[in-house]
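User: I am new to reading protein models and would like to learn how to look at empty spaces, salt bridges and helices. Could you take me through them one at a time?

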Amino acid sequence: MDRYSKNAIMLVVDSHYKYIKKEVVKRMAIASHSVIIPAPVENVWEYVSQIENWAVMVPAYKEHEQIDEQKSVWTFEGNIKGFKKAVKMELNITEFHEPSMIRFELKGLTDNFTGSGQFTADETAGQTTMTGTVEVNAGGLTGAVLTPVIKMVLPKVTTRLTEKIARQVKQEKLSVR
């Protein structure tokens with residue numbers, strides 16, 4: 001392919017970029033929730049840094065399998081408008097910054113979606129503000145059907161998960177190792 005052919009292809013892609021970008025934005029759902037925990041950031045980290053602690057707290061959780069330190073496969077099962085649906089996804093930890101941040105990526109194994117998320121923790125005066133954020137992008141032909149459901153469910157799931165983790169940290173009053 002000569003120089004002009006590459007430029008022609010780039011122009012075609014660029015001319016469609018606005019449409020592609022609008023479609024991606026339409027299919028993206030994002031949710032974030034913050035909670036103040038009356039505990040030092042180290043206590044929050046002690047809990048959140050163990051994936052198996054919060055995996056079981058995700059609404060509709062059925063099971064998970066730890067593949068290695070960064071990767072795990074999670075299975076969820078729930079009812080959507082009377083239909084029972086099982087969803088499997090891969091969660092891959094991409095960043096661990098003790099004691100303040102965990103970032104992860106999501107990939108649907110049974111459904112066409114990708115996503116990312118993070119937990120951040122900031123301590124002020126012996127209290128920790130923990131924020132959970134999750135973004136999910138539905139793709140493929142089912143993306144148009146899944147997106148409204150994801151946009152409806154994701155804020156509730158993110159809020160419930162973040163609140164459950166906060167309650168658990170408060171109850172356990174974990175000691176710093």
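**Reading spaces, bridges and a bend**

Analyst: Let us begin with the empty space inside this predicted model, where the largest cavity holds about 60 Å³ of space. The structure has one cavity of 30 Å³ or more.

User: How is such a space found, and which residues line the largest cavity?

Analyst: The general idea is that rolling a probe the size of a water molecule over the atoms shows where empty space is left. In this structure, the lining of the largest cavity is made up of Val 44, Trp 45, Val 48, Pro 99, Ser 100, Met 101, Ile 102, Phe 119, Thr 120, Ala 121 and Met 130. Helix H2 (41-48), strand S5 (101-108) and strand S6 (113-124) are the elements that each give two or more residues to this lining. Sorted by class, the lining has nine nonpolar and two polar residues, with no charged ones.

User: What is the volume of the largest pocket, and which element gives the most to its lining?

Analyst: The largest pocket holds about 1000 Å³ of space. It is lined by 34 residues, and those closest to its centre are Phe 76, Val 87, Ile 150, Val 153 and Val 157. H4 gives the most to the lining, with twelve residues, while S3, S4, S5, S6, strand S7 (127-138) and H4 each supply at least two. By class, the lining of this pocket has 25 nonpolar, three polar and six charged residues.

User: Where does helix H4 bend, and which of its residues are buried?

Analyst: Helix H4, which covers residues 143-172, bends by about 30° at Val 153, and a proline, Pro 155, follows within four residues. Val 153 is also among the residues closest to the centre of the largest pocket. As for burial, the buried residues of H4 include Gly 143, Leu 146, Thr 147, Ile 150 and Leu 154, and further along the helix Thr 158, Leu 161, Thr 162, Ile 165, Ala 166 and Val 169 are buried as well.

User: How many salt bridges does the structure hold, and how should I read a single one?

Analyst: The structure holds four salt bridges, and a careful way to read each one is to ask which side chains meet, where they lie in the chain and how exposed they are. In one of them, the side chains of Glu 77 and Lys 62 meet at 3.5 Å, N to O. Because Glu 77 lies in strand S3 (residues 71-80) and Lys 62 in strand S2 (residues 61-66), this pair ties together parts that are 15 residues apart in sequence. Glu 77 counts as partly exposed at 29% relative accessibility, and Lys 62 is partly exposed too, with a relative accessible area of 47%. These two residues also belong to a network of salt bridges that links Lys 62, Glu 77 and Lys 84.

User: Which parts does the salt bridge between Lys 85 and Asp 111 tie together, and are these residues buried or partly exposed?

Analyst: The side chains of Lys 85 and Asp 111 meet at 3.0 Å, N to O. Lys 85 lies in strand S4 (residues 83-97) and Asp 111 in the loop between S5 and S6, so the pair ties together parts that are 26 residues apart in sequence. Lys 85 is partly exposed, with a relative accessible area of 31%, whereas Asp 111 is buried, with a relative accessible area of 14%.

User: Which side chain meets that of Glu 95 in a salt bridge?

Analyst: The side chain of Glu 95 meets that of Arg 103, at 3.1 Å from N to O. Glu 95 is partly exposed, at 27% relative accessible area, and Arg 103 counts as partly exposed at 33%.

Terms used: Residues numbered from 1 in each chain as written. Predicted model: local features only at pLDDT ≥ 70, side-chain atom pairs only at ≥ 80, totals over all residues. Heavy atoms only, no water. Bend = angle between axes of the 7 residues up to and from the residue. Buried < 20%, exposed > 50% of the residue type's maximum accessible area, 1.4 Å probe, protein only. 1 Å grid on protein atoms, 1.4 Å probe; cavity = no way out; pocket = protein on both sides within 12 Å on 5 of 7 lines; lining within 4 Å. Points joined across faces, edges and corners; volume = space filled by probe spheres on them. Nonpolar A, V, L, I, M, F, W, Y, C, P; charged D, E, K, R; others polar.
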